[in-house]
Amino acid sequence: METANLGAQLWEANTMPMAIYNRMIQAIGTFIFPIFVVSNIAPLYVLDKLTLTRLVWGICAPFLFFAFVRIMFLQGLKRYTSASN
């Protein structure tokens, strides 16, 4: 897998139900790179297979990752130097 295609590969993995992947891939896709949170919470709810843990993570993950990205962005702004005056 090329690095340039990483986004496309993650998107492709996101189009499949997470149940087809092994438990390690499910954990990575839910908690480390939360791609499965986006596409699997609603179907799991409709099928009545949504656990309380996944529901809470589905609600909290967007806020936590937003806060993480915001902190990283602000740190980058502190270190930013312009190439021109």
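User: Which residues make the nonpolar surface patch of about 520 Å²?

Analyst: Bear in mind that this is a predicted model. The patch is nonpolar and sits on the surface, covering about 520 Å². Its members are Leu52, Leu55, Val56, Ile59 and Phe63.

User: Let's take Leu52 from that patch. Is Leu52 buried or exposed?

Analyst: Leu52 lies in helix α4, which covers residues 52-79. Its relative accessibility is 63%, and the cut-off for exposed is over 50%, so Leu52 counts as exposed.

User: Stepping back, how many helices and strands are there in the protein chain?

Analyst: Read from the N terminus, the elements go α-α-α-α. That leaves the count at 4 helices and 0 strands.

User: What is the radius of gyration of the protein chain, against what the globule rule gives for 85 residues?

Analyst: With its elements running α-α-α-α, the chain is more spread out than a compact globule, because its radius of gyration is well over the 12 Å that the rule gives for 85 residues. Along the principal axes, the C-alpha atoms fill a box of roughly 60 × 30 × 20 Å. The radius of gyration itself is 17 Å.

User: And how much of the protein chain do buried residues make up?

Analyst: The accessible surface comes to about 7,100 Å², and carbon and sulfur atoms hold 69% of that. Of the contacts with a separation of 6 or more, 29% are between residues 24 or more positions apart. As for buried residues, their share of the 85 residues is 16%.

User: On to the rings. What kind of pair do Phe31 and Trp57 form?

Analyst: The structure holds 3 aromatic pairs. For Phe31 and Trp57, the ring centres are 5.3 Å apart and the planes are at 50 degrees, so this pair is tilted. It links distant parts of the chain, with Phe31 in helix α2 (residues 23-32) and Trp57 in helix α4, 26 residues apart. In short, the pair is tilted.

User: Which aromatic residue forms an edge-to-face pair with Trp57?

Analyst: Trp57 is buried, because its relative accessible area is 18%. Its edge-to-face pair has the planes at 85 degrees and a centre-to-centre distance of 6.3 Å, and the residue on the other side is Phe65.

User: Which residues do the ring pairs link into a cluster?

Analyst: At 41% relative accessibility Phe31 counts as partly exposed, and at 27% Phe65 counts as partly exposed too. Trp57 is buried at 18%. The cluster that the ring pairs build is Phe31, Trp57 and Phe65.

User: Which residues is Thr30 in contact with, leaving aside its neighbours within four places in sequence?

Analyst: Thr30 is found in helix α2. Its relative accessible area is 5%, so Thr30 is buried. Apart from those sequence neighbours, the contacts of Thr30 are Met18, Phe36, Val37 and Trp57.

User: What about Asn40: which residues does it contact, leaving aside neighbours within four places in sequence?

Analyst: Asn40 has its place in helix α3, residues 35-46. This asparagine is buried, because its relative accessible area is 7%. With the sequence neighbours set aside, Asn40 is in contact with Met16, Pro17 and Met18.

User: Which residue has a positive phi although it is not a glycine?

Analyst: Most residues other than glycine have a negative phi. The one in question has a phi of about 60 degrees and sits in the loop between α3 and α4. At 72% relative accessibility it counts as exposed. The residue is Asp48.

User: Last one: how far apart in space are Asn5 and Ser39, C-alpha to C-alpha?

Analyst: Asn5 is found in the segment before α1 (6-14), and its relative accessible area of 36% makes it partly exposed. In sequence, Asn5 and Ser39 are 34 residues apart. In space, the C-alpha to C-alpha distance between Asn5 and Ser39 is 20 Å.

Terms used: Residues numbered from 1 in each chain as written. Predicted model: local features only at pLDDT ≥ 70, side-chain atom pairs only at ≥ 80, totals over all residues. Heavy atoms only, no water. Patch = residues over 30% accessible without salt bridge, like charges linked within 9 Å, V, L, I, M, F, W, Y side chains within 5 Å. Areas by Shrake-Rupley, 256 points an atom, 1.4 Å probe, with all protein chains shown as cover. Salt bridge = Lys/Arg side-chain N within 4 Å of Asp/Glu carboxyl O. Helix = DSSP H or I, 4+ residues; strand = E, 2+ residues; numbered from the N terminus. Buried < 20%, exposed > 50% of the residue type's maximum accessible area, 1.4 Å probe, protein only. Rg over C-alpha atoms; globule rule 2.2 N^0.38 Å. Contact = heavy atoms within 4.5 Å. Phe/Tyr/Trp six-rings, centres within 6.5 Å; stacked < 30°, edge-to-face > 60°.
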